[in-house]
Amino acid sequence: MTEDAIYQNRLLVALYDVLNPAGQDTEFYLLMAQDAQSVLDIGCGTGLLTAALAQQGKDITGIDPAAEMLSVARKRLFGDRVHWQQGTAESARLDQTFDLVIMTGHVFQVFLDDEAARATLAKAFALLKPGGRLIFESRNPLQKPWLNWTPDQTRKTVMLDDIGAVTVEHDLQWVKGDQVHFHTRHYFPGEDAPVTSQSTLRFSTRAEIEALLTGCGFAPIIWLGDWQGQPATNTGAELIAIATRPAS
């Protein structure tokens, strides 16, 4: 088993978009980007949203550390209008600043300690124009969504072109402090054993995320709790941060 193999294995990358199609979150970010001319997508993955922003005529840059994910992204319709880079926000070679920086798909949760999170947030701040915004989301830890990450509750079967029916399930392994570790098993037709990936996510509280953002210089910070734009609450599933780099 390989750590986060879903981002490196060609079969699992092909499956990624089937399991994560465009949804309410996609529409939310497209709406948030309406007034932005230049956009940076950190952790762009297979580029579903990135290419959609390119279709709207944005000056868009997508960064992701996974070569296989970017291989899919580059082949998308309008993918030739995107500036793609393999790497992280810290390693990116960029000679411009942006109106908007986004991190979607709960990318923020892969930063497993304050140092890693702070480094990315600080780089986002540096890459924003004065008055520009950073927008990202993290699952609300007060709702403990990992309790539902069992095979029986997460198992689903999807169809993959040229392969057939693939069954996928999550299996919670452990919870240590604010970190949650789980396995994802993928059962492909004709295979005796599943392809298993391992993932660890960090579940930070709103106060913890806000402290990191404030420490990097962001103000004000607006919090939403769902993709319809309702304010964040203790009972909401999401913590959606809209953080502004001050205009002066």
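**Exercise 1. Domains**

Task: State how the protein chain is divided into domains, and how the two parts are placed relative to each other.

Solution. The protein chain falls into domain 1, covering 5-142 + 204-245, and domain 2, covering 143-202. The model is a predicted one. Between the C-alpha centres of domain 1 and domain 2 there is a distance of 23 Å. Across the boundary, 23 residues of domain 1 make contact with 20 residues of domain 2.

**Exercise 2. Overall form**

Task: Decide how the radius of gyration of the protein chain stands against the value for a compact globule, and describe the chain as a whole.

Solution. Step one is the expected value: for 248 residues, a compact globule would have a radius of gyration near 18 Å. Step two is the value of the protein chain, which is 18 Å and therefore agrees. Step three is the extent: along the principal axes, the C-alpha atoms occupy a box of roughly 60 × 40 × 30 Å. The secondary structure of the protein chain consists of 7 helices and 12 strands. Of contacts between residues at least 6 apart in sequence, 59% link residues that are at least 24 apart.

**Exercise 3. Surface and charge**

Task: Describe the burial, the accessible surface and the charge placement of the protein chain.

Solution. Start with burial: 49% of the 248 residues count as buried. Next, the accessible surface is about 12,000 Å², and carbon and sulfur atoms account for 49% of that surface. Last, the protein chain has 20 positive and 30 negative charges, and the mean positions of the two sets lie 3 Å apart.

**Exercise 4. Two residues of helix H7**

Task: Classify Ile209 and Gly215 as buried or exposed, and place each against a residue distant in sequence.

Solution. Ile209 belongs to helix H7, and Gly215 is also in helix H7, which spans residues 206-215. Apply the cut-offs: under 20% relative accessible area is buried and over 50% is exposed. Ile209 has 0%, so Ile209 is buried. Gly215 has 67%, so Gly215 is exposed.

Now take the distances. Ile209 is 92 residues from Ala117 in sequence, with 8.9 Å between their C-alpha atoms. Gly215 and Leu121 are separated by 94 residues in sequence and by 9.5 Å, C-alpha to C-alpha. Neighbours within four places in sequence aside, the contacts of Ile209 are Phe108, Phe136, Ser138, Ser204 and Trp223.

**Exercise 5. Thr26 and Ala126**

Task: Assign a burial class to Thr26 and to Ala126, and list their contacts beyond four places in sequence.

Solution. Thr26 sits in helix H2, residues 24-32. The relative accessibility of Thr26 is 9%, so Thr26 counts as buried. With neighbours up to four places away left out, Thr26 touches Leu48 and Leu49.

Ala126 is part of helix H5, residues 114-127. The relative accessible area of Ala126 is 46%, so the class is partly exposed. On the same reckoning of neighbours, Ala126 is in contact with Thr97 and Arg245. Thr97 is 29 residues away from Ala126 in sequence, and the C-alpha to C-alpha distance is 7.9 Å.

**Exercise 6. Backbone exceptions**

Task: Explain why Lys144, Asp162 and the bond between Ala219 and Pro220 deserve a check of the backbone.

Solution. The general rule comes first: most residues other than glycine have a negative phi, and most peptide bonds are trans.

Lys144 has a phi near 45°, which is positive in a residue that is not glycine. The loop holding Lys144 runs between strand E6 (128-139) and helix H6 (151-154). With 44% relative accessibility, Lys144 is partly exposed.

Asp162, likewise not a glycine, has a positive phi of about 70°. Asp162 lies in the loop between strand E7 (156-160) and strand E8 (164-176). The relative accessibility of Asp162 is 85%, so Asp162 counts as exposed.

The peptide bond between Ala219 and Pro220 is cis, with omega about -5°. Pro220 is located in the loop between H7 and strand E11 (221-224).

Definitions and conventions:
Residues numbered from 1 in each chain as written. Predicted model: local features only at pLDDT ≥ 70, side-chain atom pairs only at ≥ 80, totals over all residues. Heavy atoms only, no water. Helix = DSSP H or I, 4+ residues; strand = E, 2+ residues; numbered from the N terminus. Rg over C-alpha atoms; globule rule 2.2 N^0.38 Å. Buried < 20%, exposed > 50% of the residue type's maximum accessible area, 1.4 Å probe, protein only. Contact = heavy atoms within 4.5 Å. Areas by Shrake-Rupley, 256 points an atom, 1.4 Å probe, with all protein chains shown as cover. Lys, Arg positive; Asp, Glu negative; His and termini not counted. Charge placed at Lys NZ, Arg CZ, Asp CG, Glu CD. Domains from an automatic or database assignment.
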